[in-house]
Amino acid sequence: KAQAAAAPLRQAFDEAETLAELDKAFVAHLRTNEPFVNTLKIVRRVFFFLYGTCGSSAMLGAGQKGNHLGWCYLRKSFGGCIHRATGTPITETTVIDALGDVLSFVVSARRWFMQNLGTSREAVDELDASPLMSRRILDALMELIHAPFVNLYKHAYAAEQLVVDAALQRLGAIGMDDIGVSFGRGAARDDMLFEPYATAMNTLQRLGKAHTLSAKLTVLVRWTVDIDDETRMNQIQLQGDEEMARVAAFYERRRQMMRDDPDAVPPAAPDDPDREEQERHGIASAMNIVGGSLDDLFPIHQFVLMRARVPDLAAHARLIGDLADVEWLLDGTSRESFCVTNFK
């Protein structure tokens, strides 16, 4: 049955010529492969049973409060909660165990898919698609267990969150001048009238609503791109030259694209072969419109992070960091990895 279910995937992999085509085929297969979908449902129930809570969110296996993080809520028990009122406190060890179980499932599922591919696995090797396949399997699982998974991190690292909250409260009134933001600054009157880097702040606030690793990484990449765009736009405004209208229009179109398609990762490569891109970069180069270095942009990232006030920031930072450290999930030299390091 598993071999028969994998037949469409084998055909798609044999026909795929690019990593994007292979990725699209694999994502579609994950949604329709009946054995895998049923396995996900079972794993979800097991995860909620082992790491969920029907009572206090700070305790495993607690009950009597109808918490939606619990197994009894998940199975819609009509006989009432089966758990006692008190449970086991969530600790860092709990997180390590849960993370190990999640990664173990991903490895097992990937091995199962590879076995069912037969000779089509050559396409995986040629396109180096194994890490991407692992990521997609993890995404499928995280979509179902995100709430209790993040809850573990939230309570295991509650002390870190208190430190972060205190720091953000203390630094809440600090402006860009106070933290040394000097690159790509707009006019002083603009800082007074408008919230600087509002787009980047709104993007980062979506981190908690991103339920998969890929979605969270997309938020971090877009956050970085938003900041880069804003610094370039500020330079354009300071130049005040009418010839820069085309450059400004490009960045505005890119922001519009990101608003229209929340899952899109906006292009940032200056070597786009498109003629319009070449013209834009030629003008930008002549007018000294440049992207900042890490030293230039780091204070801006700090400023945006302080103003965004992301709920459970420490938990999300830990979760993303733990998953990003797994070599077979994320290339350490990739743009996404850079954004994770910058965020941490």
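This short talk goes through the salt bridges, a pocket, a surface patch and a few single residues of the structure above.

Before the details, please keep in mind that this is a predicted model, in which local features need pLDDT of at least 70 and side-chain atom pairs count only at pLDDT 80 or more, while totals for chains, interfaces and linings use all residues. Residues are numbered from 1 along each chain as its sequence is written, and side-chain values use heavy atoms, with hydrogens and water left out.

Let me begin with the salt bridges, where the rule asks for a side-chain nitrogen of Lys or Arg within 4 Å of a carboxyl oxygen of Asp or Glu. By that rule the count is five salt bridges, and I will take some of them in turn.

Arg135 and Glu336 are joined through their side chains, with a distance of 2.9 Å from N to O. Because Arg135 belongs to helix H8 (residues 130-156) and Glu336 to helix H17, this pair ties together parts that are 201 residues apart in sequence. The helices I name are DSSP runs of H or I with at least four residues, just as strands are runs of E with at least two, and they are numbered from the N terminus. As for exposure, buried means under 20% relative accessible area, exposed means over 50%, and partly exposed lies in between, with a 1.4 Å probe and protein chains only. On that scale Arg135 is buried at 9% relative accessibility, whereas Glu336, with a relative accessible area of 22%, is partly exposed.

A second bridge, between Arg318 and Glu160, has its closest N and O atoms 2.5 Å apart. Here Arg318 sits in helix H16 and Glu160 in helix H9, so the pair ties together parts that are 158 residues apart in sequence. Both partners are partly exposed, Arg318 at 29% relative accessibility and Glu160 at 31% relative accessible area.

What about a bridge within one helix, such as the one that Arg136 and Asp139 form in helix H8? These two residues are three residues apart, about one turn of the helix, and their closest N and O atoms are 3.5 Å apart. Asp139 counts as buried, at 9% relative accessibility, and a network of salt bridges links Asp23, Arg136 and Asp139.

Helix H16 also holds Leu319, which at 1% relative accessibility counts as buried. Its C-alpha atom is 7.4 Å from that of Val150, although the two residues are 169 residues apart in sequence.

Now to the pocket. Rolling a probe the size of a water molecule over the atoms shows where empty space is left. In this method a pocket is an open set of points on a 1 Å grid over the protein atoms alone, where a 1.4 Å probe fits, with protein on both sides within 12 Å along at least five of seven lines, and lining residues have an atom within 4 Å of a point. The second largest pocket has a volume of about 500 Å³, that is, the space filled by probe spheres set on its points. Which of its 20 lining residues are closest to the centre? They are Val164, Leu305, Leu313, Phe343 and Lys344. Two or more lining residues come from each of helix H9 (158-170), helix H15 (294-308), helix H16 (313-324) and helix H17 (335-343).

The loop between H15 and H16 contains Arg309 and Asp312, and neither is a glycine. Arg309 nevertheless has a positive phi of about 50 degrees, and the phi of Asp312, also positive, is near 55 degrees. Arg309 is partly exposed at 41% relative accessibility, as is Asp312 at 26%.

Lastly, the surface. Ile42, Val46, Phe49, Leu50 and Ile82 form a nonpolar patch with about 480 Å² of accessible area together. Such a patch joins nonpolar side chains (Val, Leu, Ile, Met, Phe, Trp, Tyr) within 5 Å, from residues with over 30% relative accessible area and no salt bridge, while like charges would be joined within 9 Å; the areas come from the Shrake-Rupley method with a 1.4 Å probe. Leu50, one of these residues, lies in helix H4 (residues 34-51) and is partly exposed at 43% relative accessibility.
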